[in-house]
Amino acid sequence: MTLKGGQLNGDFAWTVVVLTCQHKDSVYAFQRELEVRQQRGLLPPGALLLTVADPKERLGSGGATLNALLVATEHLSARAGYTVVTADVLDTAHILILHTGRDFPWDGCSRAFCWMPVAAAGRCVDMEGPVCCLDMLLDCLSTKMCVGSPPGVWVCSTDMILSLPTTQKMSWKDFSGVRVVSLPGDISFAAHHGVYLTDAEGGVRDIIYRGSEERIQTAAMPDGKVPLVSGPVFFSTAVSEKLLQTHVTPPLDGCTYMGMDSGAPPLQISLFLDILMSLCSDQTETKFVNGERPGCSSPLGPQGAAVKSARSVLWRTLRGVALSLVYIPDGYYDYMTASGREHVIRLTEAGIERQILSHIEVRPIEASRVINSVLEGAVHVVAGAVVQHCHLQGPVKVHSGCLLSGLDLASSAYMQGMPLTSDIIMQGHRVQLGELKLTVFTVFGAHDSLEVLIDADTGSFLNRTWSQFFSHTGIQPEELWGAECGVRRCLLDARLFPVFKPHGGAVGLEGVRFLLGGSGTTESWRAAWRLSLKEVLSLADQQGELRWREELFFSAGRRRAVDTLKGHTDHNLLPSIRAAVLGGQQGALLQALDSVASSSSADLGVAARTLACIADVLGCLAGEGRGGLRSGPAANPSWTPAFRLLEQGKLAAGVQELANQRAAWLSRPDLLVRAARHYEGAGQILLRKAVMSARKFVFTAQAHLPPMGKWQEVECPARLDLSGGWSDTPPIAFEHGGVVVNMAVRVDGRRPIGARARRVAEPHLVLVSTSGAPGCSMTSRVVCEVLADLDTHCQPHAPGALLKAVCVCSDVVCVSSPLSLEQQLLQHWGGGLELHSWSLLPHGSGLGTSSILAGAVLAAVYRCTGRSYDTSSLIHAVLHLEQILTTGGGWQDQVGGLVGGLKLARSHAALPLRVDVEQLTVPQDFLAALQERLLLVYTGKTRLARNLLQDVVRNWYSRLPSIVQNAEQLVSNAEECAHACTEGSLPRLGASIDRYWQQKKAMAPGCEPAAVRTMMNALRPLTLGQSLAGAGGGGFLFILMRDAHQEERVQQILHSTPVRDTENSKGRM
């Protein structure tokens, strides 16, 4: 089961959500829980959230409903500017009232906030958080049951789990009255609950509560099941106004806080057996007013006169209102009983995840559950066992059928010597006794019945009979229940659990250990002040309990983040980061991330990803859409010392300096965003250093030194990427592994990229670069005469930057040498060098120009300086050079232009980054057919890959699930593309190209300009496949035609298509 959540289209826009609770101490804690859910998107952002304590205990579901309705209406009236409670505000309001009900023995925060081992889905996954019974109920009501209902009031209890397979399409046209929603149940189950008896039109005749099987059988539906009284009730606006009137009508005013504040005596009434019963068609006034009904106040008891009077008011106020039923035969209803065994089964059978929001070192086996816990060392959770809200340290074994809850780290020492067996429930309860806050430990058998009397045959404690327990421990019944006559002696009321010793302080888990048969004495047990489970629950410090769970949640989240980073796993950390920021835990998270980054000098890839995660934390702190764009400059002088340390390889010092600087940038959203940019910039430094490890695979040897003045010329084809691009981009290339299929192509019959180099007598460097086709080209000439002229070799936009970087990376000169440029050139090469580079392709073509050009210049320089090399060394040398130049990028461009023909290239998920290239052997007729059908179309649009790269790298570091999945598909599609080529299948190749274009768009949204989309749609009938070359956004479109020699047809289509600035070029291998 998954929880959808999120305010998506079709979800219900509640005006007010009211959560009622028994205890006044619960209000603050539960209100915060509602607000957190609103911030997570589980509740509408504009909804008014109210937590309302019952004015008196045992007010009943009906009394709690009337009080909640009054409070909601009062707040809406105040919002609307009224000075008195006004029913008019109900006309357009959608109100949801949720009752938390009675204490739940297996969770001190009620059934509503009982965590379930269920995965979140939809927008819930954007922010990590628990899925409680309340969340499941909200999801069911808001997305499946209440959709489409008119203004009015929905009322539902949180003591159950509802499951509906699909959204229910109820007819609400012209609806008035009251509607109850019922789910199916067996007759045997219904004997302990309630069922609706209906007529042929769906009207409710009666409510049968704890009736005989014969009576219940009369309510059976055609499917043989009976319609359970299973929770959701809808009151139309008109009926809600009638109910609201009762807050000034004695004795029903005693159900509301206003009535009690005015001196009215409290009154208990039932939602189903009083309010709804008054609407049942089979009821008569006499039967309704005077009837004795199990489960509600008796008209014959001490408050008999008030009960009769209240029922008379309800009859007069509501009689005649239609009560109809909607039966959902394929729905599921799970009432959360007090049975420990049923609850353990519920937890182990819900969902499919074995661990939910936990950090564990020994993976639990199937059919067990670990929920919101930190388990250190050898903590073995066997099949059928549950551990929730615990921090334990092994060795500990949790046996089948056991439930451990709320145990802290200090409990582990006692756990290790505890005589635990199967089917034991052990809990730590946070309680408050006046000013004293402490943890009380309780233990039960999963098969114990809490409310069965001790002299009954089924009475037990720790799954043993009471007589066995008394005999084994020497404890007497009077010590548990007192000696007074008439006291109910059941397990719920037994004062079994030591809390405090007058001279020894709080009792820990050792008190429970004694009850289980471990060490300890009866005398020590007797000397302690003890509580029953009922008393423990009534003293629950729910705020403290929720805080404990929250601490575990964030601690486990930080530990998982550390494991994710150090373990190179593809877990998406953004939901955890958002949750930490929402919970104010960013300081502890940043400290943990700083620690990971500073200790990762042996794996700079981990350090770089960690700095990117810190940037995400800062971005979340700024707030979505606040503070500016995440992408932007990152060269503020304040951050220079930290960057310098990272460049020098002083990782720990650099991370610490980043943290020092970060502290001054946390006060405003714009500063946070700018700080995030600088952390990404710091991560880029480490990423470059990680990729520079590719230099390990650059090998050159001394060869013949050409004569002074002799040109060494290199010409290269362009690169056409057929599949797999982006998987070659660091860090994807070495964290996931990349596979690319591409081909070398001539453009209009020419190799469009080239370089030449020669030695010259003058001891300087002459650097000439030309770009653009003849007649519209641009040429830049730079002369370097001193080392300082090379300082801009790492600034990609500086004049001659690429050629300067080549001179540095190829060891023509050393910028850190004490020798001058002239001295170095004369000493090593006998003079200077003159380098020329050119590209006939337009800027931003998408054909890999810059990387291929770097390879061409490197090759020319190696030759003219008398060094030999192989193609693999050239490929890795370009990787290294581009990191020095700070342009980043992957390895596929130089592979495409430096290795001829069709080829498949790979990099494995490891550092140092190594690229292996395999020439594809394809049928000769396939090559010919490909050349006849492959066309290039220049779109007239340009976009730098660098503009796309930053977003892709950020999303990859965050491990967005869509990006991780897309990376896997890029690799698998590249493998399929290679098979298509080797088998000579043009249709399969075209399909791979089409898939590749979709994958590119998923990786870099926005890379398809509208004009390009228009062109591609117009050409689609003629093509087997098409894609923009490179990263997309503009440049060349390459198309694989269905038929050969379609250049003229393509031109005709493009001329008749309303796009501008396009021209055709023919691709050649």
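Is the crossing of helix 28 and helix 29 left-handed or right-handed? In this predicted model, the crossing of these two helices is right-handed, and the pair is described below together with a second helix pair and with a small group of paired strands on which a further helix packs. The stretch 824–901 also carries a domain annotation in an unreviewed UniProt entry.

**Helix 28 and helix 29**

- Helix 28, which spans residues 849–864, packs against helix 29, which spans residues 871–884, at an angle of about 115° and with the two axes 9 Å apart.
- Because of that angle, helix 28 counts as roughly perpendicular to helix 29.
- On the side of helix 28 the contact involves Ser850, Ser851, Ala854, Gly855, Leu858, Ala859 and Tyr862, while helix 29 contributes Leu874, Ala877, Val878, Leu881 and Glu882.
- Sorted by class, the residues of this contact comprise 8 nonpolar, 3 polar and 1 charged.

**The annotated stretch**

- According to the unreviewed UniProt entry, residues 824–901 are covered by the annotation "domain: GHMP kinase N-terminal".
- Over residues 824–901 the chain is 55% helix and 14% strand, and the C-alpha atoms at the ends of the stretch lie 39 Å apart.

**Helix 22 and helix 23**

- Helix 22 (residues 640–647) and helix 23 (residues 651–662) pack with their axes 8 Å apart and at an angle of about 165°.
- It is this angle that makes helix 22 roughly antiparallel to helix 23, and helix 22 passes helix 23 in a left-handed crossing.
- Helix 22 makes the contact through Pro641, Ala642, Phe643, Leu645 and Leu646, and helix 23 makes it through Leu651, Ala653, Gly654, Val655, Glu657 and Leu658.
- The contact of helix 22 with helix 23 is made up of 9 nonpolar residues, 1 polar residue and 1 charged residue.

**The open sheet and helix 18**

- An open sheet is formed by 3 strands in the order 17-19-22, with parallel pairing.
- Strand 17 (359–360) and strand 22 (391–393) are the edge strands, each of which pairs on one side only.
- Strand 19, covering residues 374–376, pairs with strand 22 in the parallel sense over 3 bridges, and valine 374 has histidine 391 in strand 22 as its bridge partner.
- Helix 18 (residues 542–566) packs on this sheet, where it touches strand 17, strand 19 and strand 22, and the direction of helix 18 makes about 55° with that of strand 19.

Definitions and conventions
Residues numbered from 1 in each chain as written. Predicted model: local features only at pLDDT ≥ 70, side-chain atom pairs only at ≥ 80, totals over all residues. Heavy atoms only, no water. Pairing = 2+ DSSP bridges. Helix = DSSP H or I, 4+ residues; strand = E, 2+ residues; numbered from the N terminus. Contact = heavy atoms within 4.5 Å. Axes fitted to C-alpha atoms, helices over the stretch in contact; angles between N-to-C directions. Parallel < 35°, antiparallel > 145°, perpendicular 65-115°, else oblique. Left-handed = near helix turned anticlockwise from the far one by under 90°. Nonpolar A, V, L, I, M, F, W, Y, C, P; charged D, E, K, R; others polar. UniProt positions renumbered as here; feature names shortened; annotations may be inferred.
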